[in-house]
Amino acid sequence: MNSPQGIRLQYALHPYSLRNSLQRLRTSLAVWLLLLSFAFPAFASDIAPSASKPDTTSSILSSLKSGQVADAQGAQLDPDFILSLVFRPDHDLPYGVRLRRAHFTSRLDLSNAQVPASLWLVDCTFDDGVDFTGARIAGDFSLEQSEFRYPAYTKDTNNIFIGLKVVGDTTLSSATFYGPVDFTNAEFRGEFTADNSKFLAPDTSADFQYAQFRGTAFFRQSSFAGTLKMWFAQIQDLTLAFDQTAVIHRIEMPQVVVQRSLAIQGGQWDCLGLSSLRVLGTAALGPLCVSRQLDLHKASFDTVSLNIIPCPANAGSFLTYVSGLRYFFITSDDGGPPTDELLQILAASNFKGVPNDPNNPADPGLFAQYSQFEAFLRAHNYADDADRLLVAGKRRERQTSFKAWSSSAWWKSLFLDWTIGYGTAPLRPLVFCIVVVIIGTIVFRRPEQMEFKDDKHGPQKYSAFWYSLDKFAPVIDLKVADAWEPKTLALQRLGIGIRILGFFLVPLAFAAISGMFK
């Protein structure tokens with residue numbers, strides 16, 4: 001006879017009973033999951049079954065093989081999966097890896113990778129940056145609309161493209177970089193486009209030092225929270241275009257060589273550094289305004305259109321560096337000479353020389369810019385603008401190179417400025433001469449104030465005009481001033497003063513009219 005324990009064991013092991021138990025267990029689990037889904041939605045979403053990773057990667061691979069752009073639909077992808085795609089034979093993926101809307105939570109490392117075709121990572125999200133150091137992409141390279149985050153624990157650049165070589169076109173349009181971006185020594189053989197891109201690092205936003213742009217490079221409507229560095233870059237064509245209200249912090253382009261064309265237009269710049277820049281073709285600088293610093297030191301242009309002015313709100317702190325600036329032809333937007341713009345630039349130059357101090361002399365390169373532009377204007381028949389440059393340069397020299405009030409050179413410069421405008425106003429001393437003669441005629445108009453001295457050498461009938469003219473002009477002897485003399489001492493002294501003025505003004509007028517002071 002079986003014991004009760006044995007009966008219960010046989011019943012439990014019966015197949016029908018076992019199936020009923022499993023069914024009840026599944027039902028209980030389903031009920032509990034349903035209750036949890038209402039009580040804890042987040043928990044339910046975590047434990048709910050989702051599309052498996054093999055399904056997502058298989059779909060992406062299938063799209064790539066058919067030549068389509070694969071859509072990851074926001075799925076999180078393992079960077080190793082991208083590596084497996086990149087290193088597939090080029091005949092397997094003839095159009096390359098063209099992927100959009102992928103999310104990479106860990107760092108994508110393609111350093112030294114030899115990508116046999118195009119690589120598109122469009123509208124993707126990178127939580128921990130990318131590394132393309134030394135990589136070579138045989139086709140096009142696109143990071144358009146992608147977002148590169150900058151984790152709080154990151155201290156250095158987390159988006160590295162040092163030594164990257166792209167055979168096709170490169171597109172960074174509408175991409176957002178929250179951290180620094182390093183393209184040092186990168187080479188772009190096709191067109192480079194970074195329109196509407198955002199470089200938000202506060203210090204060095206984007207570094208293109210020693211980069212080579214074999215095609216045209218575009219930065220249109222891009223934003224830079226920090227500095228855009230392009231030191232020693234080699235560029236075929238470069239366009240930097242912004243809205244007039246856009247604020248750009250700083251660009252540094254020392255020793256950059258632009259083979260064909262350069263255009264920097266729009267925006268309110270804090271600092272625009274173009275020292276030692278060489279443009280072998282045409283350059284269009286402006287219209288734009290600079291609030292703090294414009295550096296054109298040793299910049300060289302073949303043909304340049306210049307329309308740079310200080311920003312109105314910061315005009316008082318605007319400084320420029322212009323020594324060594326060279327150009328073959330310079331113009332403004334309307335085709336005429338940029339006289340007003342260049343005068344503002346020269347007036348704001350950082351002249352720090354101390355008069356009569358051999359340890360801190362005047363900057364000869366500054367005054368050479370006045371002379372260079374004056375010579376250019378005269379060579380192209382802009383005589384009035386050339387005169388403006390001459391006077392502005394001489395006045396700047398007087399203000400900065402001579403000690404005020406106590407230097408004879410300062411007084412000489414002031415005298416030439418007031419009398420003949422440094423040779424640009426030759427009729428001015430003639431006007432002074434006429435005014436002095438008229439004043440003398442009025443002062444000596446009364447015959448009763450005059451005394452006839454010698455009736456043998458002069459006219460006995462007195463004329464105030466001829467007396468004043470004879471007294472004033474040293475080269476004219478009408479005998480009137482010898483025959484007549486004022487009766488009072490005050491009038492005699494006034495006559496002596498008129499004679500002294502004549503010795504200065506008359507030769508000065510002849511010299512100015514003859515062009516000796518130009």
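This note goes through helix packing, a surface patch, a salt bridge and two backbone details in a predicted model.

1. Helices α9 and α10. Helix α9 covers residues 408-420, and helix α10 covers residues 428-443. Their axes come within 7 Å and cross at roughly 75 degrees. Angles from 65 to 115 degrees count as roughly perpendicular, and α9 and α10 are therefore roughly perpendicular to each other. On the α9 side the contact is made by D417, W418, T419 and I420, while α10 supplies R428, P429 and F432. Sorted by class, the residues of this contact are 4 nonpolar, 1 polar and 2 charged.

2. Helices α11 and α13. Helix α11 runs over residues 464-472 and helix α13 over residues 489-514; their axes are 7 Å apart, and the packing angle is about 60 degrees. That angle makes α11 oblique to α13. From α11, the residues in contact are S468, D470, K471 and F472. They meet G495, I496, I498, R499, L501, G502, L505 and V506 in α13. The contact of α11 with α13 divides into 6 nonpolar, 3 polar and 3 charged residues.

3. A nonpolar patch on the surface. Which residues form the nonpolar patch? The members are L427, L430, I434, I438, I442 and I513. Together they have about 550 Å² of accessible area. Helix α10 gives the most to this patch, with 4 residues. One of the patch members, I442, has its place in helix α10. The helix described in point 1 as packing against α9 is thus also the main contributor here.

4. Salt bridges. How many salt bridges does a search of the whole structure find? The search finds 17. Among the residues that form a salt bridge are D71 and R100, whose closest N and O atoms are 3.1 Å apart. D71 lies in strand β1 (residues 70-71) and R100 lies in strand β2 (residues 97-100), so the pair ties together parts that are 29 residues apart in sequence.

5. A cis peptide bond. The peptide bond from G286 to P287 is cis, and its omega is near 10 degrees. P287 is placed in strand β28, which spans residues 278-295. A student looking for this bond can therefore start from strand β28 (residues 278-295).

6. A positive phi. Where in the chain is Q255? Q255 sits in the loop between β25 (247-252) and β26 (257-265). Phi of Q255 is near 65 degrees, which is a positive value in a residue other than glycine.

Technical notes: Residues numbered from 1 in each chain as written. Predicted model: local features only at pLDDT ≥ 70, side-chain atom pairs only at ≥ 80, totals over all residues. Heavy atoms only, no water. Axes fitted to C-alpha atoms, helices over the stretch in contact; angles between N-to-C directions. Helix = DSSP H or I, 4+ residues; strand = E, 2+ residues; numbered from the N terminus. Parallel < 35°, antiparallel > 145°, perpendicular 65-115°, else oblique. Contact = heavy atoms within 4.5 Å. Nonpolar A, V, L, I, M, F, W, Y, C, P; charged D, E, K, R; others polar. Patch = residues over 30% accessible without salt bridge, like charges linked within 9 Å, V, L, I, M, F, W, Y side chains within 5 Å. Areas by Shrake-Rupley, 256 points an atom, 1.4 Å probe, with all protein chains shown as cover. Salt bridge = Lys/Arg side-chain N within 4 Å of Asp/Glu carboxyl O.
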